[in-house]
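Here are some short exercises for getting to know a structure you haven't met before. Try each task on your own, then read through the solution.

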Amino acid sequence: MPSSTQSLTVAAKFLRNRIFSRSGSTSAGASRWATPGHEERPKGFFMNRTPPPPGQSRKWEDWELPCYVTSFLTIVILGVGLNAKPDLSIETWAHQKALERLETERLASAGDSSD
């Protein structure tokens, strides 16, 4: 019976061969996920956008305002909601139960001493 390390080696080889056979590539060469692109050299601007002429502002695209508003509201809702959630941890529950027991013991001992 093969040892566990030997079976793991066989499984790793099988998975490696299966992945490379599906992608049609070998372990050497360029990745199919990261190609060099079609430009000879980058333009040097952020996201390859040329800046507007001096004195003019960039025109927003139609997706930008809804995206920014939704992102801002999501942050606000999560910030308020996560700070306002109840504390349901086991430590808080145990602390409250311990305080209740101490209070009942204190009342019981106070009742016994008054008799």
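Before we start, one definition: helices are DSSP runs of H or I with at least four residues, numbered from the N terminus. Keep in mind too that this is a predicted model.

**Exercise 1. Get the overall layout**

Task: Work out how many helices and strands the protein chain has, and in what pattern they follow each other.

Solution:
- Start with the count: the protein chain has three helices and zero strands.
- Then walk along the sequence, and the pattern reads α-α-α.
- Next, look at the cover. Of the chain's 115 residues, 1% count as buried.
- Finally, take the surface: the chain exposes about 11,200 Å², with carbon and sulfur atoms supplying 63% of that.

**Exercise 2. Check the confidence**

Task: Find out in which helix the confidence is lowest and in which it is highest.

Solution:
- Begin with the whole chain, where the mean pLDDT is 83. Residues reaching 70 or more make up 79% of the chain.
- Now go helix by helix. Helix α1, residues 4-23, has the lowest confidence, with a mean of 78.
- Helix α2, residues 64-83, comes out highest, at 96.

**Exercise 3. Salt bridges within a helix**

Task: Take the salt bridge between E100 and K97 and work out how the two residues are placed in helix α3.

Solution:
- First, the contact: the side chains of E100 and K97 come together at 3.7 Å, N to O. The cut-off for a salt bridge is 4 Å, so this pair counts.
- Second, the spacing. E100 and K97 are three residues apart in helix α3 (residues 90-114), so about one helical turn separates them.
- Third, the surroundings: E100 is partly exposed at 45% relative accessible area, and K97 is partly exposed at 34%.
- Now try another pair. E103 and R106 also meet in a salt bridge, 2.5 Å from N to O. Both lie in helix α3, three residues apart, or about one turn of the helix.
- E103 is partly exposed at 36%, and R106 is partly exposed at 47%.

**Exercise 4. A salt bridge in a loop**

Task: Say which parts of the chain the salt bridge between E61 and R49 ties together.

Solution:
- A search of the whole structure gives four salt bridges. One of them joins E61 and R49, with their closest N and O atoms 2.3 Å apart.
- E61 and R49 both lie in the loop between α1 and α2, so the bridge ties together parts that are twelve residues apart in sequence.
- Check the accessibility: E61 is partly exposed at 35%, and R49 is partly exposed at 33%.
- E61 has another partner to look at. Its backbone nitrogen lies 2.6 Å from a polar atom of the E64 side chain.
- E64 sits in helix α2. Is E64 buried or exposed? Its relative accessibility is 3%, so E64 counts as buried, the cut-off being under 20%.

**Exercise 5. An aromatic pair and a nonpolar patch**

Task: Find the aromatic pair and say how its rings are arranged, then look for the patch around it.

Solution:
- You describe a pair of aromatic rings by the distance of the centres and the angle of the planes.
- Searching the whole structure turns up one aromatic pair. The partners are W60 and Y68, with 5.4 Å from centre to centre and 80° between the planes.
- An angle over 60 degrees counts as edge-to-face, so that is the label for W60 and Y68.
- As for accessibility, W60 is partly exposed at 48%, while Y68 is partly exposed at 40%.
- W60 and Y68 also belong to a nonpolar surface patch, whose other members include W63, L65, V69 and F72. Together, the residues of the patch have about 1,000 Å² of accessible area.
- One of these members, L65, is found in helix α2.

Notes:
Residues numbered from 1 in each chain as written. Heavy atoms only, no water. pLDDT = per-residue confidence, 0-100. Patch = residues over 30% accessible without salt bridge, like charges linked within 9 Å, V, L, I, M, F, W, Y side chains within 5 Å. Areas by Shrake-Rupley, 256 points an atom, 1.4 Å probe, with all protein chains shown as cover. Phe/Tyr/Trp six-rings, centres within 6.5 Å; stacked < 30°, edge-to-face > 60°. Buried < 20%, exposed > 50% of the residue type's maximum accessible area, 1.4 Å probe, protein only. Polar contact = N/O pair within 3.5 Å; in protein donor to acceptor, adjacent residues only side chain to side chain.
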